[in-house]
Structures are given as C-alpha cells and as structure tokens.
Amino acid sequence: MNANINSPENVPSGQSRPENRGRLLVKCPDGPGIVAALSKFLFEQGANIIESSQYTSDPQGGTFFIRLEFDCEGLMDKRDAMEKEFSSLAEEFSMEFRFAYGSERKKTAIFVSKEPHALLELLWEWQSGDLPTDIAFVAGNHEEARGMVESLGIPFYHIPANKDIRRQVEEEQSRLIEEHNVDVIVLARYMQILTPEFVEKYPNKIINIHHSFLPAFIGARPYERAYNRGVKLIGATSHYVTNDLDEGPIIEQDIERVDHRDHVADLKKIGRSIERRVLARAVKWHLEDRIIVHGNKTIVFQ
C-alpha cells in the first residue's frame, strides 16, 4: 500500500501533535461578549488559540459564527469534561456548537461512475498529504476506476446501478458506510440520483460536484448546448446534497473564461479541470471543519 504522508505519526517539528489539537465551531444570535466568553473558557481549560475566524450576518441582530482552532495539552483526557462544562456557556448564549479533534481523522467514501478526473484529483491530494482523511473505500457503478484505486491499497466495490434497482444499491452502499464508519461521502462525478431516504440519512455529509451552467442547460449534453449558445464562462459548483436536486448549500465555485476559439472538446477539458479543483477544495474544507451550514447557505472559514 502506498503510504499517505499526512498520517498522525508524521508531525513536523514545531507543530502540536494531533491529539492536542481541537476545533470549536459555534453559531448563535449575535451580541456582546461572545468572543470574550469563548476565549476565557479556552484559557481556563489550558488551551492556546492558534487560529480564529468569525463572521456576523448582520451587526444589528444577526447571527454570529466563529471557528476556533486550539492546542491543549492532554486534550483527549479533558475532552468529555470540557464539552460538558461548555454546555453551560452554550446555553447562556443560545449557541449551537461542535467540537472536533485532530486525533480523529474523518473517514471518506467516494462514489464514482465512468469519468475518473474528480476521483484522480482526490487520490492525488490524499497521496500528497493535502487531504487529511482515511479513504475507507471507493464504490463505482462501473469498473473503470478499480485499477487506479486498488493500486493504492484502497478497497473498490463494484455496485452496478440503475433507476430500477436504486434502493437495493443504496442498501449495499449504506451497509458499507456503516461497516467502515464513514464520516463523509463524496460524489466524484457519480452519475446516479440518490433517493430521498438515502440523502436524509446523511445530512450535510454528502458532497457533490457539477458544472455551473445550472439552471441553464439542464439535462444531457450541456457542453454541446453551451457551445451552441456561445457561453463565455465555464464553471463548477461543489455543494452538500439535499433532496432539492443540485440546490443544496454551496461550498465552493470557480470559473474560467472561454471564447469562440474553444470548441466542445475544449470546453469539456476546461470544465473537468475546474471540477477537479473545486471538489478537492470543498472536501478539504469539510475535513478541516471549516464549514458551518446555515439554512441553505454555508459559512466557509478558509
């Protein structure tokens, strides 16, 4: 198996160990004293704040969001008591909150169909240490990706799929997800529609990628129709999957300019390149707990 250089054992000199690294994400009604209270709480726990990002939707009665990353010696021994004690502070400010811990690497499952470009980008990012996750398995409704996946020592499961056997397929996918304790599911150009029941089982845990022509050029052959229309921008969107098709909370988008000299093949090539990088960024930010979902929007602390 090819080693992933971003394992917990490989800690560069001068950096804290993963077991001492924590993250705290908070959402609450805006008001005075929130940051001071959070800082005071972490100080009293013996924690040192090493990164802080915040946002207020409206200074006059809006919603306050903050992400704090901190280092705390013996964190894993303190975590239960820390979370219990924090609950009192959270109640005072009506906070929704979540702690995450550096020693708990998230496990990822990737679903793929025939096109490999998005999958290959994720595998490269993972190999290079820039995608901090354990890839539990890759599931494909075609066999094309098996060789590239298994060459890295990652399990590959071929699960043929079509609309007539969708529920049976998702039962097998859910079984694998539970068996491998998967935290996030990435649709790397997985060309199957998920059932409402499947989506509801994994809220804000399924990340998808698609071209950004939507809502224009819905359906088949979007690049051909975009070319015929003479589009001047090509883009891609990564978002959390909801039961409103392709309308879940957007995590990341990007574009490139094109012109009349770019034919359909050129547009597809440019589109695949954008899809790769947009999906990789979205997945990385999720893994690093940089996203707070608020309604059908996201707050992304890059």
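Select first the hairpin of β12 and β13, where two residues lie between the strands and Gly-295 takes a positive phi near 65°. Strands here are DSSP runs of E with at least two residues, helices are runs of H or I with at least four residues, and both are numbered from the N terminus. Strand β12 covers residues 291-294 and strand β13 residues 297-300; the two pair in the antiparallel sense over four bridges. Two strands count as paired if DSSP finds at least two bridges between them. Within the hairpin, Ile-292 stands opposite Ile-299 in β13.

This is a predicted model, in which local features need pLDDT of at least 70 and side-chain atom pairs count only at pLDDT 80 or more, whereas totals for chains, interfaces and linings use all residues. Residues are numbered from 1 along each chain as its sequence is written, and side-chain values use heavy atoms, with hydrogens and water left out.

**The four-stranded sheet**

Next, select β1, β2, β3 and β4. These four strands form an open sheet in the order β2-β3-β1-β4, with antiparallel pairing. Strands β2 (47-56) and β4 (96-101) stand at the edges with a single partner strand each, so one side of each has no neighbour in the sheet. On average, neighbouring strands of this sheet are turned by 15° against each other, direction ignored. Such angles run from 0 to 180 degrees between N-to-C directions, and the axes are lines fitted to C-alpha atoms, for helices over the stretch in contact.

Zoom in on β2 and strand β3 (residues 63-72), which run antiparallel and are joined by nine bridges. Pick Ile-49 to find its bridge partner in β3, Phe-70. Then add helix α2 (residues 75-92), which lies across β1 (21-29), β3 and β4 and runs at about 170° to β4.

Show the side chains of Glu-69 and Arg-21, which form a salt bridge whose closest N and O atoms are 2.8 Å apart. This pair links distant parts of the chain, with Glu-69 in strand β3 and Arg-21 in strand β1, 48 residues apart. A salt bridge is a side-chain nitrogen of Lys or Arg within 4 Å of a carboxyl oxygen of Asp or Glu; the whole structure has 30 of them.

**The seven-stranded sheet**

Now select β5 to β11. The seven strands form an open sheet in the order β7-β6-β5-β8-β9-β10-β11, and the pairing is mixed. At the edges stand β7 (156-158) and β11, each with a single partner strand, so one side of each is left without a neighbour in the sheet. Neighbouring strands are turned here by 20° against each other on average, direction ignored. Helix α8 packs on this sheet, touching β5 (107-112), β8 (184-188), β9, β10 and β11, and its direction makes about 150° with that of β11. Contact means heavy atoms within 4.5 Å.

Within the sheet, β9 and β10 pair in the antiparallel sense over five bridges. Asn-208 has His-239 in β10 as its bridge partner.

Go next to Val-264, which lies in helix α8. Apart from neighbours within four places in sequence, Val-264 is in contact with Tyr-223, Glu-224 and Tyr-227. The C-alpha atoms of Val-264 and Gln-45 are separated by 58 Å, and the two residues are 219 apart along the chain.

**The largest pocket**

Select Met-191, His-210, His-211, Leu-214 and Asp-246; of the 42 residues lining the largest pocket, these are the closest to its centre. About 1,100 Å³ of space lies in this pocket. A pocket is an open set of points on a 1 Å grid over the protein atoms alone, with protein on both sides within 12 Å along at least five of seven lines; a cavity is a set where a 1.4 Å probe fits but cannot get out, and lining residues have an atom within 4 Å of a point. Points are joined across faces, edges and corners, and a volume is the space filled by probe spheres set on them.

The elements that each supply at least two residues of the pocket lining include α6 (196-201), α7 (222-229) and α8 (264-287). Strand β9 gives the most, with four residues.

**The largest cavity**

Finish at the one cavity of 30 Å³ or more. The largest cavity holds about 50 Å³ of space, and its lining residues include Arg-166, Glu-170, Tyr-190 and Leu-194.
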